[in-house]
Amino acid sequence: MSTFTSLTSQSCQTLDDWLCFIEQQHPQHQIELGLDRVRQVAERAALQQLPGRVVLIAGTNGKGTTARCMEQLLLAQGHTVAVYSSPHLLRFNERLRVNQQDVADADWVKALAFIEQLRQDIELTYFEFTTLAAFYLIKAYQPDVALIEVGLGGRLDATNIVEPDLSVLTTIDLDHQDWLGSDRESIGREKAGIFRANKPAVVAELQLPASVIEVAAKLGTELKCAGVDFHWRQQATAWHWQSEAITLAELPLVPVPLQNAATALKALLQLNLLPQPETIRQALSQVTLPGRMQWLQQQPAVLLDVAHNPQSIQYLAEQLQQLKPRFKRIFALCGMMRDKVKPRALDAVLAWVDHWALVSLPGPRGADSALLQAIVPADTSLQCYDDVSAGYRQLLTQLQHDDLLLVFGSFVTVSAVLSQTTPPVEAK
C-alpha cells in the first residue's frame, strides 16, 4: 500500500507540485482577509509596485468581462497587457495572462519558488502566495497596462496592496456575506476599499450604496458613475455609448452585459487610452470569455455560464427569456457552493427551465444536490446526481436537436463540463 508523502519546498519541481505544497500549508477554502502578511512580504521585493498603468477592478459581478473588454481594446492599439484574475476554469495558468497568453508553467514555478524564499517565516494563504507570485511575474514582463481583479471584497483583499492609477467598481450585490457583511451598504464599503486618495474611480453600479459615496468623499476620490458620467443604450442589433463630448454609435453587441463593456470604455477614456471608433468596433466584435454565456455546441445547444449569485442569476434569467422562443425545451444542470444555496436563490430562472439536473459539488464548500432540491418548488421536474459528470452525461442522452442545456451555478460546475468536452465552438 502506497503512503502519502508531504511535499516540501525543496521537493517541488513542477507547477502542480508547488500548488499542492501551498495547498498543504493553507487550503484554498480557508479564507483569511487582511493585508499585514501579504504587504510585509511584498515590500521585501517591492512587489506592490507594478509597472505601467495599473487598474484595480472590484465588484460582485462583471470583473472578468470588464477586464476582458479593456484588454481587447488595449491590445487593438498595440499595448502590452497583463490580466490577473481568479478563480480559473481549467488550468491555474489562466490566472495570469500576458497579451492573451496564459503564463507558462516554468515561469510560475520560478515565481512561486521566489515567493517561498521571500516569505521566510511569514505564513501566507493560498491566494496571498499566488497573488504575490503573479505580481512578481508582472514586474518581470513589464506590461504597459496591468489589469488586476480583486479576489474577494476589496479593502482587505491581497490585491489591494498595489497603488492603482484607476479603480473600477463594477456591481454591488449580496455575495460572500460571511466575510463582507450582510447588506449592500456593508459590502459596498468593503469594495470601495480599493479607492485611492485624490485618484479617480469608475463605478458601474446604477444603485450606488451611500457607503461607497462616503468612502469616496473621505478620500477625495473622484467618482465617474454610470448613468451620470457615462451612458449606454441597447437596440436590436447594436448599442450606443456616450460620455463627456464623445458619442459612439452602432457598436457591435457583445456576449457580456453591456454595463461591463460600457464601463470598460469609460475606464479607458479616464486613462486617456480610448481607441478610435473603428478600432473600438473591431475590438468589441472579438470579445469572448470562457464560461460566460459560452456556447459549447449547437443542435442540441449547450450553454455555459458561471452565474452563482443573485445578481448574476437574474441576468441569466433575462438571457433565458430571450432564448426561450428558439428552443423546444430548456434543461438546466446546476451545482453550487454551499454558501450560495439560499432560499429563492434559483427563483429567477425557474420559469424558463423545463427540467433540472441538480448535482453535488466536491470539497468542503461544495453543496449536496439535496440542498439544492430543498430550495426549488416540490413539483419541479428534476433529477439529482452525485457529481457534475454523471448529470451531464445523462442529460446529453435526453436532448433533442431543438433543446437547450444550460450549465451554471459555479466555476466548479462549468469547469467540470469543460474538462470533459472538445474545444468550444462559437455559436453561429
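## Strand S17 and its neighbours

Leucine 304 sits opposite valine 407 of S17. This is a predicted model, and S17 is a good place to start reading it. S13 (residues 301–304) and S17 run parallel, joined by 4 bridges. S17 also pairs with S14 (residues 329–334), again in the parallel sense, this time over 6 bridges. Here valine 407 turns up once more, as the bridge partner of leucine 333.

What about burial? In S17 (residues 403–408), 6 of the 6 residues are buried, so the strand is largely enclosed by the rest of the structure. In a regular strand, side chains alternate between the two faces of the sheet. In S17, Asp403, Leu405 and Val407 point one way, Leu404, Leu406 and Phe408 point the other way, and all are buried.

## Helix H9

Now for a helix. H9 covers residues 258–270, and its 13 residues should span 18 Å at 1.5 Å a residue; the C-alpha atoms at its ends are 18 Å apart, which agrees.

How many residues of H9 are buried? The count is 12 of the 13, so H9 is largely enclosed by the rest of the structure. Among the buried ones are Leu258, Leu265, Leu268 and Leu269, along with polar or charged names such as Gln259, Asn260, Thr263 and Lys266. Just past the end of H9, asparagine 272 takes a positive phi of about 60°.

## Helix H7

H7 (residues 184–191) has Ile187, Gly188, Glu190 and Lys191 buried. These residues cover an arc of only 160° around the axis, which puts them on the same side of H7.

There's a contact to look at where H7 starts: a side-chain oxygen of aspartate 183 comes to within 3.2 Å of the backbone nitrogen of glutamate 185.

## Cysteines

If you're hunting for disulfides, the count comes to 0. Take cysteine 69, which is in no disulfide: the nearest cysteine sulfur belongs to cysteine 225 and is 20 Å away. Cysteine 69 is buried too, at a relative accessible area of 0%.

Which cysteine sulfur is closest to that of cysteine 334? That would be the sulfur of cysteine 384, but at 11 Å it is too far for a bond, given that a disulfide needs the two sulfur atoms within 2.5 Å. Cysteine 334 counts as buried as well, with 0% relative accessibility.

Terms used:
Residues numbered from 1 in each chain as written. Predicted model: local features only at pLDDT ≥ 70, side-chain atom pairs only at ≥ 80, totals over all residues. Heavy atoms only, no water. Helix = DSSP H or I, 4+ residues; strand = E, 2+ residues; numbered from the N terminus. Expected span 1.5 Å × (residues − 1). Buried < 20%, exposed > 50% of the residue type's maximum accessible area, 1.4 Å probe, protein only. Arc of directions from axis to C-beta. Polar contact = N/O pair within 3.5 Å; in protein donor to acceptor, adjacent residues only side chain to side chain. Pairing = 2+ DSSP bridges.
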